[in-house]
Amino acid sequence: MSYIYESYDVIVVGAGHAGCEAALASARLSLKTLLFTISMDSIAMMPCNPNIGGTSKGHLVREIDALGGEMGKNIDRTFIQSKMLNVSKGPAVHSLRAQADKQEYSKAMRKVLENTENLTLKQGEVTQILTEGNKITGVMTYSGAIYPCKAVVLCTGTYLNARCIYGETVNATGPNGLQAATHLTDSLKNLGIEMYRFKTGTPARIDKRSIDFSKMEEQFGDEKVVPFSFTTKREDLNKEQVSCWLTYTNEKTHEIIRENIGRSPLYAGDIKGVGPRYCPSIEDKVMKFADKERHQVFIEPEGLYTNEMYIAGMSSSLPEDVQYQIYRSVPGLENANIVRNAYAIEYDCINPMQLTPALEFKQVEGLFSGGQFNGSSGYEEAAAQGLIAGINAARKILGKEPLILDRSEAYIGVLIDDLVTKETHEPYRMMTSRAEYRLLLRQDNADLRLTKKGYEIGLIDEERYQKLLKKEAEIAEEMQRLERTVIGAAKEVQQLLQSYDSSPLNTATTLAELIRRPELSYELLEPIDKERKPLSEEVIEQVNINIKYDGYIKRQLHQVEQFKKLENKLIPEDIDYKDVPSLRIEARQKLEKFRPLNIGQASRISGVSPADISVLMVYLTQLNYTRNKKV
Amino acid sequence: MKTDTIAAIATGLSNAGISMIRISGEEAFAVIDRIYRSKKGDKILSKERSHTIHYGYIIEDDQVIDEVMVAIMRAPSTYTREDIVEIDCHGGIVVTRKILETVLKNGARLAEPGEFTKRAFLNGRIDLSQAEAVSDIISAKNELALKNSVKQLRGKVREVILDLREKILRDIAFIEAALDDPEHMTLDGFDQALDSHLKEEIRVIEQLIKESQNGRIIKEGIKTVIVGKPNAGKSSLLNTLVGEDRAIVTDIAGTTRDTLEETINLNGILLHVIDTAGIRDTADIIEKIGVEKAIRITEDADLVIYVLDSSTELDQNDEVILELINEKKAILLLNKSDLPAKVTMDELRKKTNHPLISVSVKEHTGIEELEQTIREMFFQGELTLQEDIYITNERHRVALMQSLDSLKLVKQSMEAGMPEDFYSIDLMSAYESLGKIIGENVEEDLVNMIFKEFCMGK
C-alpha cells in the first residue's frame, strides 16, 4: 500500500560524495531538501582508496570549495597525511592529495549534514521516480511512501543492481556488503532512460600488524601542509601525519597471476561491465604489460581508528586463495592477513549523453543526477557533479538560469562537458590533460575563477566574497607595481643577481622582468625591492605565477577566445537534423540524440566529423539567412 | 534531394590560356547535347561513355562560338557526385563569357561562389584538405600547378602531416601520462629525446614551407616587374618574350595597354609581368611614375628585370634603381649588345651582386640565358614536381608556419628551463595547426574562408 508523505522541493537519492554536495547546496539555497541514504552509517563513505585529491582531482576539490561546496573543508578536518604532487613541474599541474581517516571523514560530513537548515536525512531505498507528462512529481520508497517533490537528484553511486565478485564468489550487494538498490533501474528504464553497466574494483585491506614495513620505503607527508579549502587557515593544519609505504610486485607475483588467470571472472567472462583503463586490476597490468618486471604497490592507512591498510595498485577479482598467494608474494606482505578481500563491483549507471550540461535529464524535466551514476569514477568527480546538480535543481525551482561552467572556466566544466558530450565507454576519470586550458585552470586560482559565481549563486557569504575582492585588488596592484618599478644596475642588484647565477644587468629593467627569469622569483628579489609592502602568501603566489608565466598565460587566453567563438554559436533548439542535407547518418543520429546547444559542443561529440560540422554550419548560415528574410 | 544544374567558369576570368566552364547537375548532359556539335556532326555526348573527352564545337544559332574539348563525367564518380560536363575553350574573356551564356540559356543556372565545392562537401565527396586542393586546381594557371594540385588531392601532403601529427601527439601523451601519474612515471631524460624529435619535425616543416614557396610561384606565376630608362629596350623585351613563346597573352578587361599586366609562359615558367614599359612616350620613366611608385611596385614583385642600355652611360637614375632592387631577386639585362658598349659587364659587377646577362633583344640573343637564370633563381634549376610534395595553398602554408612557431616555442621553453607541462601546451598548438591542414580541426572561420576562396562565376 502506498501513501503520500511530506512534500519537498528537492529530493536527493544517495548520500555518497555526490549526494552530500547536492543536498547541502540545495538546502543552503533555502530549498526544503530531503536526502535518502541506504544506511545512515555509510554517509560520505569511502569504499575504495583512503584519500582525497591527486592529480587533477585535487583541482576539482579546490573548485568545489571555491563554489561553496563541502569536500575541501571536510578533508581539511580529517586528513592524516597531505602531499602536494608534481611540485617539480609547473604550477598548473601541482595537485594536492590527502590521506583521509575514512571514519572521521564520514562522521564529519554527517555532522555537517545533520546540522544544516532545511535538510532532512532519511534512511530508505527509493524504488520509483514519479512523473507526470515527463515532469518530476516525486519519489516512492520501498515501503510505499510517496514523497512529492519538484526536483530529484539521483546520486546512487555503485549501488544500482550492484554485484561484488571475486573468483566464483558473487555477492548481490553494494560496496562493503551494503544493501544494493535493486528496483530503481526498472523505474528509470520505464522513463526511457538508457542504462549502461560499468565495473570497477578495489584491492584487499591487510592487517597492519602482519606487515613487515622494514622491507618497504616510507612515504612521508609534506612538512608544510597546504589546505584544500580556501577558508582553512594554514596554521590550523599542524598535526602529526602518518606515513604510507612503497613496495613492489615481482616476477613471482606475476607468475602466480598468469597461472591463475583462467580463474579471473574478468577473463572467464563472468563480468560483463566495462572497467576503467586507467586503474586496472593487478591481473590486467600483468597480462597487458607483460614486459614490466615489477609494479608499484602503495600501502596506505585506512584511518587512525583501525589497523586496516589499503593496498593501492593491487585491485583484483581473483579468487580468495589466489589473492592470498599474490599479496604474500610481495616483499613485506609475506605474512599478510587479509581483513577484506579484493573484489570487482558491477553496477548500473546511465549514458550521460542523456543529460544537459546542467546535469538535468533531457527527457525528464526536474530529474538531475551526479556522480558514478553518471558514468564517472572517483570521489572528487562525484562531488563536483553532485554540487552542480544540486545547485541546478535548486535554481530550476527558483526559476533561475542553470549554472553551467565551460571548459575554459573550470575542471568541473571539462568534466561535465566530456561526460555529456563525448561517448563514455568506461568510468570517466579526470586528468589534467583533458583540460586544454589548464594553465588558466590552476588549483591555486580556483577561488579567483569561481568564488564570484559561488557568491552570485548564494553559496558564498559576504565576508568570504569581500576577502576575495581584496585579494584580487592586491594581486592587480602588486603586479602593476612590479611592472612599473625600474631597477638600475646598482652594485647591490648585481651582487644579488650574481648570487643566484643570474646574468648581471646592462641597462635598467623592471622588477617584473627579473621575476620572469627562471632562476629568480618574487621572494628572492626582496632585498632590492625597497617599496615592497607585506602581502599574504596567497597573493604573492598569484603575483609570482602571473608574472613568471605571463607569455604562456596570454597564449592560452587567446585560445580561449577562439574557443568561445564556437561556444557562442548557438544551434536553434527547434532544429530538425533531418532537414540538414548530407550529414552522414552517424552524425545525424548523434546530433539528433544529443541535441547540442552550440557548435562548439556539437564539434566535440564523438562520431561528428569536422566535415559534418561544416555541413551543419553551412545549413545554419542558410537557415539564419532565410529566417531573417522572412522577418 | 533534387538539385538544379549549375554552371560557372572554373578557371578564373583573367589571364588563363585555356578556360574551362563546368556544368554540374541532373541536366548537365541535356544542356551539352543542345549546344555541342562534333566535327562530323554525328556525336551525341549524353550517349558517350563516362569520363571521356571529345573534340568539337559550341554552337549557338548555328554559329560556331569556339572550338572546344568537352569532358563528360557521370555521377557518382565526379567531383560533385553529380553529372558533370567540362568545356575547355581557348580562353579570352569574350569567348569564355559567350560560352557560359549559351550554357545558361540552355538550362543551367549560374553557380554561386564555391557552390561546386559546397556540393562536393554536401554530397560527401571531399574532406577539407582536398577541397582546398580543388580550389588550387580552379586557379591553377599552368600545367605544373595542375599536377601539383592533383597530387595534393591524392593525399600525399596528408600522409606527411599525419605522420608529423602522430609523432607530436606521442610526445604529448608521454608528458601527460607522467604528469598524471607522477608516482609511476618519470620524465627524467625525456628532454633529450624530445629535443631530437623536435629537430626532425622542424626540419620537415621547414622543408614543406620552403617548397610551398615554389608551389605558390608555380601556381600563381612569378610577379615580375620590368624597369629601366626609356629606350633601354623594355618594351622590345616584352614583345620578344611574348612573341617568341606566344603561350599566354591576355589583356585584363577594362584596361588599356598603357598600364598593362601580361602573363607570359616562358617554357613552363609563368611570368606575371607588370609592364612599366607600357608608358612609352614619356621622357623619363623614373620621373614619371615617381620613385615611390617604383618602390611600391618592386617591393611587391617576386622578380625585377632591370633593362640597361649598354650603349649609353650610367647616370643617377641607374643608381636609384640599383639601390631599389638591392634586396630583391633581380636580373640585370645589358641590352643592345649588338651596339658599341659604353657600359661594360665589369663596371656593373662592381655595383651589384645580381646576375648580369648580355642580351640583344633585337637580335634575340641571351633570351635563353634569361630563362635559365629565372629557373635557377626560383626552382633551383628544377621545374619538376614528379615526386616532391608541395603545399600550394596559402592557408596550409600559414598553418605550417604556425606549427613551426609552436615547435620553436617548445624549444624555447626547454632552453629556458621551463617544466615539462609547458612543453605540451605548444606541442598541442603545433598539433592543432597541422590538423587544420588536413581538416581535423574545425574553426568557425575556416568554412567561411574556404567558401570565400572559390571566387568563380561571379
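## The sheet in chain B

In what order do the 7 strands of the open sheet in chain B run, and is the pairing mixed or antiparallel? Going across, the order is 3-4-5-6-2-1-7, and the pairing is mixed. Keep in mind that this is a predicted model. At the borders sit strand 3 (36-37) and strand 7 (109-110) of chain B, each of which pairs on one side only.

Inside that order, have a look at strand 5 (residues 63-73) and strand 6 (residues 84-89) of chain B, which run antiparallel to each other and share 5 bridges. One pairing to pick out on screen is B:Ile72 with its bridge partner B:Val85 in strand 6 of chain B.

## A smaller sheet in chain A

Chain A has an open sheet of 3 strands, ordered 4-6-5, with antiparallel pairing. Its edge strands are strand 4 (51-53) and strand 5 (79-85) of chain A, and each has a partner on one side only. On average, neighbouring strands in this sheet are turned by 20° against each other, if you ignore direction.

Strand 4 and strand 6 of chain A are joined over 3 bridges in the antiparallel sense. Here A:Ile52 stands opposite A:Ala98, a residue of strand 6 of chain A. As a reminder, strands of a sheet pair through backbone hydrogen bonds, whether parallel or antiparallel.

## Helix 4 of chain A

Helix 4 of chain A covers residues 102-114, so to speak 13 residues, and spans 18 Å from first C-alpha to last, close to the 18 Å expected at 1.5 Å a residue. Its buried residues are A:Lys102, A:Tyr105, A:Ser106, A:Ala108, A:Met109 and A:Leu113. Look down the helix axis and these buried residues fall within an arc of 165°, so they line one face of the helix.

What sits over them? The cover for the buried residues of helix 4 of chain A includes helix 1 (17-28), strand 3 (33-37), helix 3 (71-78), strand 6 (95-100) and strand 7 (119-123) of chain A.

## The nonpolar cores

The largest nonpolar core counts 184 residues, and the ones with the most contacts inside it are A:Val10, A:Ile11, A:Val12, A:Val13, A:Val152, A:Val153 and A:Ile311. Helix 10 (residues 379-397) of chain A gives the most to this core, with 10 residues.

Take A:Val13: leaving out residues up to four places away in sequence, it touches A:Phe36, A:Val126, A:Val139, A:Val152, A:Val153, A:Leu154, A:Cys155 and A:Thr156. Apart from the largest core lies another, of 32 residues, including B:Ala8, B:Val31, B:Val85 and B:Leu100. B:Val85 is also the bridge partner of B:Ile72.

Methods. Residues are numbered from 1 along each chain as its sequence is written. Chains are lettered from A and ligands numbered from 1 in the order in which they are written. This is a predicted model: local features need pLDDT of at least 70, side-chain atom pairs count only at pLDDT 80 or more; totals for chains, interfaces and linings use all residues. Helices (H or I, at least four residues) and strands (E, at least two) are DSSP runs, numbered from the N terminus. The expected span of a helix is 1.5 Å times one less than its number of residues. A residue is buried if 20 or more other C-beta atoms lie within 10 Å of its own, exposed if 12 or fewer, and partly exposed in between; C-beta atoms are placed from the backbone. The arc is that of the directions from the helix axis to the C-beta atoms. Two residues are in contact if their C-beta atoms, placed from the backbone, lie within 7 Å. Two strands pair if DSSP finds at least two bridges between them. Axes are lines fitted to C-alpha atoms, for helices over the stretch in contact, and angles run from 0 to 180 degrees between N-to-C directions. A nonpolar core is a set of buried Ala, Val, Leu, Ile, Met, Phe, Trp, Tyr and Cys residues joined through C-beta atoms within 7 Å.
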